[in-house]
Amino acid sequence: MSQQAEQFKKIVAHCKEYGFVYPSSEIYDGLSAVYDYGPYGVELKNNLKRYWWESMTKLHENIVGLDAAIFMHPKTWKASGHVDAFNDPLIDNKDSKKRYRADVLVEDHIQKIQEKINKEVKKAEKRFGEAFDKAQFLETNGRVLEYSKQIAEITERLATAMTDGDLDGLKQLIVDLDITCPESGSRNWTEVRQFNLMFSTQLGTIAGEESKLYLRPETAQGIFVNFLNVQKTTRQKIPFGIAQVGKAFRNEIVARQFIFRMREFEQMEMQFFVKPGEEMQWYEFWKDFRMKWHRALGTPEDKLQFHDHDNLAHYANAAVDIQFDFPFGFKELEGIHSRTDFDLKSHEAFSGKKMQYFDPEEEKSYIPYVVETSIGCDRMFLATLSQALQEETVPDAEGKDSTRTVMKLHPAIAPVKCAILPLLKNKEELTQKAREVFDRLKFSFQCQYDEKDAIGRRYRRQDAIGTPYCVTIDFDTLEDDTVTIRDRDTLVQERVPISALEGIIRDKVDMNNLLRAL
Ligand code: ATP
């Protein structure tokens, strides 16, 4: 197993063992690509959502929130293009009976070639040491140039086939590249077919097309149909934005990679309404802002990258992904799209209601253009954990090397901010005092009281869920009202008065630390 695959396995196991993420309905063997968030998972997820929400609605006076229903009038999805065009191309392998997304098979093939390039770079890095010039190597090495050429050609053919909806072309590409089924190893493929990703259900008791409802596949449409309601009730002037966090549902063909691709997931979307012609400047603004948002969490530069779309969706005139280096390679974490006036115009046509904004400065009405930022909360959760979960060697109580698993989450998003630990369990003076400290801090922070097991083991448990601070109540505490406070990352233990605890912890875990960095 590759190092990356091993790391991914560890993340999934850690999520289960420490109460971050469980498979849904596990006692019935789970439900494919559906997951439940456990006690620490829900705290972390809520913190990520809060960070996103506040960065939008608190920092920008022209961005307001919305919580639209999951069910929408079925015409919504006709207007948005989802009924006719929200399809993925699927292909089956006749031997393994496994189903794949045809475009993903090709993308995985490209990724393999990219890995060959990465290997060449690593080898050369070793060989040339300090003198190694990566840019020059990429531009001149024969093998790398050949691989890059292959990638460019395949990407071009894939983009053309996807844009034209050319299913035969896509199949031919899979055949030409000699792609085999990862399960059976065979090339025995079916034709490529289109598959609509929307889940449907019925309204009321009468079955039939008339009462067919869809579970929303994106939260954006709830924002579009409410655009004038919000604009009028909040008296916003263009440019302004509407932010929403909510569930979305997609009947994904390939459901693997844990919470990366789920059938029920959560999106954090913001639609920014601008004057036509000004969309590109706002597109650049939001690209920059969103990248800063990720970096503020401490994610290293080389783990995030922009990736321009090779084939634009029917509604977009510019689109870029923010990709994260997941344990299975660089993949989309967030999309930033310039959606033109496609959605509002289409809703105007389908509903017969005007979707125009009256611009008091220009003294005319028009349909605004839209720039959207759209990030999956669950993908963000996975990116965060992949980055944070580490194993490191630290000295134990006797000063000997020991390995600890630690989740180096930014303190502002850590599920538990502070653990309160009486040194001994069966000394009532200590446990009582610890309870007092807990009761004092619980109003300000998510705290945890833990008295079970030796103190070292309790520290390790807190490290594993990313708690930035552990406060220990010992016999000195009873004398002078001081405690030790241990820093998760430096392992330094300081003796401080109980009265100073709240200030020390707040300094580090305050969400504003993140927001101020934006
Ligand atoms: P992909 O190409 O990976 O299928 P997408 O381009 O269809 O993603 P968008 O429609 O742009 O995704 O959705 C915006 C964001 O929602 C994505 O960047 C991703 O973070 C998240 N997302 C989309 N589909 C899923 C899913 N099935 N499970 C979890 N998150 C998802």
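E252 and R101 are both buried, and I would like to start with this pair, keeping in mind throughout that what we are looking at is a predicted model. The side chains of E252 and R101 meet in a salt bridge, with 4.0 Å from N to O. What does this pair link? It links distant parts of the chain, since E252 sits in the loop between β9 (240–249) and β10, while R101 belongs to strand β5 (residues 99–101), and the two are 151 residues apart.

R101 has a further partner, because R101 also forms a salt bridge with D103, where the closest N and O atoms are 3.0 Å apart, and here R101 counts as buried at 13% relative accessibility, with D103 likewise counted as buried at 4%. As general background, side chains of opposite charge can pair when their charged atoms come close.

Staying with R101 for a moment, we can follow the strand that carries this residue. The bridge partner of L90 in β5 is R101, and β5 is joined to β4 by three bridges, with the two strands running antiparallel. Together β4 and β5 form a hairpin that has six residues between the strands, and K97, in the turn, has a positive phi of about 65 degrees. On its own account, strand β4 (residues 87–92) has five of its six residues buried, so β4 is largely enclosed by the rest of the structure. Strand β4 is also joined by four bridges to strand β6 (residues 193–196), again in an antiparallel arrangement, and in that pairing N87 stands opposite N196 of β6.

Let me now return to E252, this time from the side of the ligand. Which residues come nearest to the ligand? Of the 17 residues around the ligand, these are E252, R261, M262, E332 and L333. A polar side-chain atom of E252 lies 2.8 Å from a nitrogen atom of the ligand, so to speak of E252 is to speak of a residue that has a place both in this contact and in the salt bridge with R101. The backbone takes part as well: a polar backbone atom of L333 is 2.8 Å from an oxygen atom of the ligand, and a polar backbone atom of G376 is 2.9 Å from an oxygen atom of the ligand. Taken alone, the ligand exposes 590 Å², and the protein buries 86% of that.

Which elements give two or more residues to the shell around the ligand? They are β10 (264–274), β13 (329–340) and β16 (369–376), and among these β13 gives the most, with five residues. Sorted by class, the shell around the ligand has five nonpolar, five polar and seven charged residues.

From the ligand I turn to the salt bridges elsewhere, of which the structure as a whole holds 46. One of them is between the side chains of E54 and R50, at 3.2 Å from N to O. How are E54 and R50 placed in helix α2 (residues 39–58)? They are four residues apart in that helix, which means that about one helical turn separates them. The two partners are not equally covered, in that E54 is buried, with a relative accessible area of 13%, whereas R50 is partly exposed, with a relative accessible area of 40%. Beyond simple pairs, there is also a network of salt bridges that links E392, R404, K408, R460, D463 and R486.

R486 falls within the numbering of strand β22 (residues 482–487), and this strand is joined to strand β23 (residues 493–497) by five bridges, the two running antiparallel. V483 stands opposite V496 in β23, and the hairpin formed by β22 and β23 has five residues between the strands, with L491 in the turn showing a positive phi of about 65 degrees.

One last residue deserves a careful look. Is H294 buried or exposed? H294 is buried, with a relative accessible area of 1%, and this residue is found in helix α11 (residues 279–296). The side chains of H294 and E334 are joined by a polar contact of 2.8 Å.

Methods. Residues numbered from 1 in each chain as written. Predicted model: local features only at pLDDT ≥ 70, side-chain atom pairs only at ≥ 80, totals over all residues. Heavy atoms only, no water. Near = heavy atom within 4 Å. Polar contact = N/O pair within 3.5 Å; in protein donor to acceptor, adjacent residues only side chain to side chain. Areas by Shrake-Rupley, 256 points an atom, 1.4 Å probe, with all protein chains shown as cover. Nonpolar A, V, L, I, M, F, W, Y, C, P; charged D, E, K, R; others polar. Buried < 20%, exposed > 50% of the residue type's maximum accessible area, 1.4 Å probe, protein only. Pairing = 2+ DSSP bridges.
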